[in-house]
Amino acid sequence: MIKFLDLQKINAQYATELKQAAAEVIDSGWYLQGERVRLFEANLENYIEVKHAIGVANGLDALRLILKAYIEMGIMQEGDEVIVPANTYIATILAITDNRLKPILVEPDINTYNLDISLVEKNISLRTRAIMVVHLYGHVCWNEELQTIAKRYNLKIIEDNAQAIGAIWNEKRTGSLGDSAGFSFYPGKNLGALGDGGAVTTNDNQLAEIIRAMSNYGSKQKYVNEYKGLNSRLDEIQAAFLDVKLKYLDAENLRRREIALFYCKNIRHPEIILPSYQNIKSSHVWHLFVIRTPFRDKLQKYLNDNNIQTIMHYPIPIHKQNAYKEFNNQSLPVTESVHNEVLSLPISSVMSDSEIEYIITTINNYKN
Ligand SMILES: *Cc1c(COP(=O)(O)O)cnc(C)c1O
């Protein structure tokens, strides 16, 4: 079976360094809020080219904390609206509703699967305070129009960068484009920890200071509590692992791109739509390679029968989930067709050329 994602193989590449890093943390006797987190934060700041990176417990918390801090700053309050793509992973939406803010679900562009920026302005109301863009599947969601709208209506732009670490728009990395950004280091992400992890990046000094305190019980000084905070810290051991893997991120992303371009060049099937990525200014780090076909379920079964594991990202849209009954009657036809038709093929730095060629041949031979 060609696995969708072989984490064992991915981390085996760095096993010596990872074991060394773990040993150092174990021997240090210091497991939270120490030197390793600070070092990783500094390296992430350099990599993204931002003033502040704050390690937190996971990607969901990164986004939750950003909104919580904006509420603390008086920039938004309960009931205010956040514009967000309807076809994102549920974490993006949970971060909004957890803060008693209202997600305004906007359709994606059917070609890029990213938020359709041309629909943003008509979804703005007097209560809109932010646009949360998601660089879905690793593809940058950004343009000048988005920046102009945000400026005109005085909206914060928050990037959900969970899937796109390393991507670039116009010479700037995602995570430095908006007012603030949330990162996830879930093991399967392009920069994956060996457990949970996340980070917030921003150039906003006040926001950074509040999030740093908020993520540690709302405290800047032990037992003195400034805010009603959370316990959402990045472990020293995960920071040490992430520092090892950050060095190899660009090489990993380059290999993903090589595979993606090879897929795009060689998959030829009249009923399969390949991902689009032709935007001169923006790059794609190919967290996922997502194809679309009306025969998705049949194709998935066929590939599985031929020992190729695939996954749907995602099978059920937010507005059809039981968790969000209040949105169940919304009509979002583009989102629904995306969820009915998308299928993600294996893509990762440890795949061999022959595995990729086998996947391509198998897909090209698919008959309905
Ligand atoms: C993974 C992911 C998250 C959440 O990250 P966790 O670390 O799993 O909490 C948020 N948004 C998107 C788009 C993601 O893919």
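**Cavities and the ligand site: group meeting talk**

Hi everyone, let me start with empty space: the largest cavity in this structure has a volume of about 70 Å³. Please keep in mind that this is a predicted model.

So what lines the largest cavity? Leu5, Leu7 and Ile10 are part of the lining, and so are Pro187, Gly188, Lys189, Asn190 and Gly192. Lys245, Glu252 and Arg256 complete the list. If you like to think in elements, helix 1 (7-12) and helix 9 (249-266) are the ones that give two or more residues to that lining. By class, we have four nonpolar, three polar and four charged residues around the largest cavity.

How many cavities of 30 Å³ or more does the structure hold? The count is three. The second largest has a volume of about 50 Å³, and its lining has seven nonpolar, five polar and no charged residues. For those of you following on screen, look for Asn111, Thr112 and Tyr113, then Leu136, Tyr137 and His139. The rest of the lining of the second largest cavity is Pro275, Ser276, His284, Trp286, Leu288 and Val290.

A quick reminder on the idea behind this: rolling a probe the size of a water molecule over the atoms shows where empty space is left.

Now for the ligand. Where does the ligand sit? You will find it in the largest pocket. Two elements give two or more residues to the shell around the ligand, namely helix 4 (59-72) and helix 5 (90-98).

Let me walk you around that shell. Asn58, Gly59 and Leu60 are there, along with Tyr89, Ala91 and Thr92. Further along the chain come Val134, Asp160, Ala162 and Gln163, and finally Ser184 and Lys189. You have met Lys189 already, in the lining of the largest cavity. Sorted by class, the shell residues are five nonpolar, five polar and two charged.

Which atoms pair up with the ligand? From the side chain of Asp160, an N or O atom is 2.7 Å from a nitrogen atom of the ligand. Gly59 uses its backbone instead, with an N or O atom 2.8 Å from a ligand oxygen. Lys189 has a polar side-chain atom 3.1 Å from an oxygen atom of the ligand. And how much of the ligand does the protein bury? Taken alone, the ligand exposes 380 Å², and 91% of that is buried by the protein.

That's my tour, thanks for listening!

How values were computed
Residues numbered from 1 in each chain as written. Predicted model: local features only at pLDDT ≥ 70, side-chain atom pairs only at ≥ 80, totals over all residues. Heavy atoms only, no water. Near = heavy atom within 4 Å. Polar contact = N/O pair within 3.5 Å; in protein donor to acceptor, adjacent residues only side chain to side chain. Areas by Shrake-Rupley, 256 points an atom, 1.4 Å probe, with all protein chains shown as cover. 1 Å grid on protein atoms, 1.4 Å probe; cavity = no way out; pocket = protein on both sides within 12 Å on 5 of 7 lines; lining within 4 Å. Sits in = over half its atoms within 2 Å of the grid points. Helix = DSSP H or I, 4+ residues; strand = E, 2+ residues; numbered from the N terminus. Nonpolar A, V, L, I, M, F, W, Y, C, P; charged D, E, K, R; others polar. Points joined across faces, edges and corners; volume = space filled by probe spheres on them.
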